Every structure is written in structure tokens, then in C-alpha cells.
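Biologist: Could we go through this model together? I should like to discuss helix packing, enclosed and open spaces, and a few single residues.

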Amino acid sequence: MPASPSTARAINDRLALRLLQQEGPLTAGQLKQLTGLSRPTVSDLVDRLTVSGLIRVVGESGEQRRGPNARLYGIAADRAHLAALDVRTGGVLVLVSDLVGRVLAEVAVPIDAGSGTGPAVEQAVAAVEEAARKAGPDAWAGLHTVGIGAPGLVDPATGDLRDSSGLPAWHRSLVAALQRRLPKARVTVENETNLAALAEQREGAARDRDTFVLLWLGHGVGAAVVLDGRLRRGASGGTGEIGFLPVPGTGSLPSATDCDGGFHALAGAAAIGALAREQGLPAEVPLDGPGAARLVARAVTAGNEPATRFLDTLADRLAIGTAAVTAVLDPGCVVLGGEIGQAGGEPLAARVAARLKRLSPLPTEVRAGTLGGAAVLRGALLTARDRAQDELFAP
């Protein structure tokens, strides 16, 4: 059956808005060319979207052109403000953007877990408010959507961050606190590795892949699974918790509350630091994700025998976990993400690929992530932008 006039208008409006979001400002003539719609239909939708406040004239096309046909229309970026948070064990990173995702302000705040849940939550909320006020006088009150990336499991039924061993209690209280302070905003939380995968797919190493696995290498290890273009979370939100994966070479087994006997014991930041010291390389104690990334980067550039042994052994370890994931999912592509994956770059990815080829009969490309630790914050922003636009662009 043909669409009703109102449905057709809604479809056309949504198509034009998506084009403006993807391509940037366009003239009515360019919208006509890209949509295939008639000139009167494009004129009507431009008028409709302008009156609704979703688009506005943002300039003119070409120095020689003037008049209505040269007007450039763009999304009204100040129609809504967005916030993205990367919540870590020792602090929070916050950015605030406009509706098209242009970053307006950023704030980083360390948080001492020993300060207690209430004070820690207040510090995190204050960081969001500070970033919003830096972004503009109306940004705090006008925050439309807040996207949060955090370690731990997110319940797929409720969307709540589940209680996870070893994570600060203030993480689980942050969403409710922000929702109380921003009753009109939409506040959502997602596992940090899942957000990193979305960012790498949209803007990073997996842009040409609709099926891949992101292996997160930071302070800890994790994985995100994207199959046929969809992020897979699992029945309890635990897809990709490969830190608990039993693997050879750890000397013990993981438990339901402790991943130290699992893949984490081979590939976490502390394990990488211990491996470096075994090979005679200087390593910080204790070692976090960025510290381990610096260590790996130095080894890549050093090129001496101890550095080569270190990278070879690290690749051996990573290939063990990657082979297990590949055997179950056959993703065809594995991205080494996080700070450590980015620091290792192509030299580490090539080593893992060579070892994986010997371990698995399934052809699997191994790529180095390009966004590093920033992928979580970027993924949180992309998710917040998509959700805000879905709501504001709805008929």
C-alpha cells in the first residue's frame, strides 16, 4: 500500500535530516539531488524543518551565487546539548557537545574511591555541571541526553549497571544521581568496551566491517562483539567478559568473583608490566592502562632484542585469547583496541595475526585500533547523539 501523505512527509523529513547530519550543510538543490525528490517536495520539507526549529540557514554556497537557491541549510546544532562520560576506577572524563556532536567543553576529574560513595558521586556530577557551564550558559539546564561508559556489566533488561566485583560503589549510583539533578535529560549507561567497539566501527579501524570483535587492552581486558552490524550483549550483559576466560599459562583458574586466573592474568596491564621486567625492560609499579601502553610503545620503537622478545611473548599471549574468541564466533576481523592496542600498532597486530594463523583454521584479520583509550568517550558521545537525534527528528 502507498504511504499516507503524513507518513511520506515524515520519511522525507527524516531522510533530509540524516543527509544533513552525514554530509553537513546542503542547499535545497543538493538535497533534491541526493534524495531524488521533486523540487516542490524539497521546498516543502525545508520549510517544515525550518519552522520546527530543526534546521536553519547557516550560509551560502559559492562566492558567486546569491539568493534563495544558494542558501545552505544545516541542523540547528544548539537545539540540544549532549554529555558523554568515561567513568573509570580513579575518576571521570566528561565532554559536552552540541546536537551534531561538535565538542564544546571537556573536563577530567580524579576521584578517590576512599572518599565514600556520596562524595565521589557528587564530584562526578559536579564535573558534568562544570563541563556544561563551560560549553555555554544554557547547556547545563538544556542537557538533552547523557551517555555514560563504565566498566562492568549492564543489565540488558533494565539498563542498570550491575554490581561487579572490584569496581567502586559510586559507579552504580551515578546514573540515578544525574537523573535526579537533570530530570528532563535522558541518562543511559553502557559497558565501556561496547562503546569503544561502536566508535571504532563508526570512526576507527572497523569502518568497513559489520562483523568483528574488539579486544580491549587497557588496565584490564575485555571484548565487544558486533555481528551483522549489531552489538551483542548476551543474556545477562556479559558478552565479552574474556578476562574470566580460562587459558593455559596462568597457573590457576578464575572464579566467579576473581579473574586473576583467567586471560586477564596474561594480558592485563599488571601482567604486561611483569612480562616487561622479566625481559629486562623498565616498567612502572603498579602499572595501569596508559602506563602499559607507554611501555608497549617504547618496545615497538626500541627494536632491540629484549623489546623484540617482549613483543613476541605478548603476541603469544594475546593470540591465545583471540583464538578462543575466533573459534566460537568466526568474526573474520579482530581489532586490538584500548590504549595498549593502539600503542602496539601494526607491529603488534601483525605478530598476533601470524600466531593466530597457526592456532586457528579460520581466516581472521587482526587490526590495531586507531582511537585508543579515547574510544570509550567517543562511543558514549556517538550513542548520546544518535539517541537525541532519534527523538528530536521523530515526526
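Modeller: The following exchange takes those topics in turn.

Biologist: What kind of model is it, and how are residues numbered?

Modeller: It is a predicted model, in which local features need pLDDT of at least 70, side-chain atom pairs count only at pLDDT 80 or more, and totals for chains, interfaces and linings use all residues. Residues are numbered from 1 along each chain as its sequence is written, and side-chain values use heavy atoms, with hydrogens and water left out.

Biologist: How do helices α8 and α9 cross?

Modeller: The axes of α8 (residues 269-278) and α9 (residues 289-302) come within 9 Å and cross at roughly 35°. Helices here are DSSP runs of H or I with at least four residues, strands are E runs of at least two, and both are numbered from the N terminus. Axes are lines fitted to C-alpha atoms, for helices over the stretch in contact, and angles run from 0 to 180 degrees between N-to-C directions.

Biologist: Left-handed or right-handed?

Modeller: The crossing of α8 and α9 is left-handed, a term for a near helix turned anticlockwise from the far one by less than a right angle.

Biologist: Which residues meet there?

Modeller: From α8, Ala269, Ile272, Gly273 and Ala276 meet Gly289, Ala292, Leu295 and Val296 of α9; contact means heavy atoms within 4.5 Å. By class, this contact has six nonpolar, two polar and no charged residues. Ala, Val, Leu, Ile, Met, Phe, Trp, Tyr, Cys and Pro count as nonpolar, Asp, Glu, Lys and Arg as charged, and the others, Gly among them, as polar.

Biologist: Turning to enclosed space, how many cavities of 30 Å³ or more are there?

Modeller: The structure holds one cavity of 30 Å³ or more, and the largest cavity has a volume of about 40 Å³. On a 1 Å grid over the protein atoms alone, a cavity is a set of points where a 1.4 Å probe fits but cannot get out; a pocket is an open set with protein on both sides within 12 Å along at least five of seven lines; and lining residues have an atom within 4 Å of a point. Grid points are joined across faces, edges and corners, and a volume is the space filled by probe spheres set on the points.

Biologist: What lines the largest cavity?

Modeller: Its lining includes Gly147, Thr188, Glu190 and Arg387. β6 (143-150), β7 (186-191) and α12 (375-392) each supply at least two lining residues. The lining divides into four nonpolar, three polar and two charged residues.

Biologist: And the largest pocket, what is its volume?

Modeller: The largest pocket has a volume of about 1,200 Å³. Of its 41 lining residues, Pro151, Leu167, Glu192, His219 and Gly220 are the closest to its centre. α6 (192-203), β9 (221-227), α8 and α9 each give two or more residues to the lining, with the largest share, three residues, coming from β9. By class, the lining has 14 nonpolar, 19 polar and eight charged residues.

Biologist: Why is asparagine 12 classed as it is, buried or exposed?

Modeller: Asparagine 12 counts as buried because its relative accessible area is 16%; buried means under 20%, exposed over 50% and partly exposed in between (1.4 Å probe, protein chains only). Asparagine 12 lies in α1 (residues 5-23) and touches Leu37, Thr41 and Leu45, not counting residues up to four places away in sequence.

Biologist: Where is alanine 265?

Modeller: Alanine 265 is in α7 (residues 264-267) and is partly exposed, at 27% relative accessible area.
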